[in-house]
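Subject: Structure handover

Hello,

Here is the structure I said I would pass on. My notes on it follow below the display.

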Amino acid sequence: MVNELCPDCEAEIEVPEDAMIGEIVSCPDCGLDLEVVEVDEGNMALERISIEKEDWGE
Ligand SMILES: [Zn+2]
């Protein structure tokens, strides 16, 4: 397993080491769906695929 940080809530997301590009993983904390966009020798890049309502506040 490779641990990646959720871009939204910074929870740790476990991604299988044999994950393929295009695979979808979900954050266990906030449920954000992330797509594996890069796999490089144990390093993963995740990108959010579900654009939640951006709430910029203020
Ligand atoms: Zn999250």
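Please keep in mind that this is a predicted model.

I began with the pairing of two strands. Strand β4, which covers residues 33-40, runs antiparallel to β5, and six bridges join the two. Among the facing residues are Val 39, opposite Met 44 in β5, and Glu 38, opposite Ala 45 in β5. The two strands make a hairpin, with two residues between β4 and β5. In that turn, Glu 41 has a positive phi of about 45 degrees.

The hairpin belongs to a sheet. This sheet is open and has three strands in the order β3-β4-β5, paired in the antiparallel sense. At its edges are β3 (24-26) and β5 (43-48), each of which pairs on one side only. From one strand to the next, the twist averages 45 degrees.

Next, the core. Which residues form the largest nonpolar core? There are eight: Cys 6, Ile 13, Cys 27, Leu 32, Leu 34, Val 36, Met 44 and Leu 46. Both β4 and β5 contribute to this core, with at least two residues from each. Met 44 is thus named twice in these notes: as a member of the core and as the residue opposite Val 39.

Leu 46, another member of the core, has contacts elsewhere in the chain. Leaving aside residues up to four places away in sequence, Leu 46 touches Glu 4, Val 25, Leu 34, Glu 35, Val 36 and Val 37. Of these, Leu 34 and Val 36 are also listed in the core.

Regards

Terms used:
Residues are numbered from 1 along each chain as its sequence is written. This is a predicted model: local features need pLDDT of at least 70, side-chain atom pairs count only at pLDDT 80 or more; totals for chains, interfaces and linings use all residues. Two strands pair if DSSP finds at least two bridges between them. Helices (H or I, at least four residues) and strands (E, at least two) are DSSP runs, numbered from the N terminus. Axes are lines fitted to C-alpha atoms, for helices over the stretch in contact, and angles run from 0 to 180 degrees between N-to-C directions. A nonpolar core is a set of buried Ala, Val, Leu, Ile, Met, Phe, Trp, Tyr and Cys residues joined through C-beta atoms within 7 Å. A residue is buried if 20 or more other C-beta atoms lie within 10 Å of its own, exposed if 12 or fewer, and partly exposed in between; C-beta atoms are placed from the backbone. Two residues are in contact if their C-beta atoms, placed from the backbone, lie within 7 Å.
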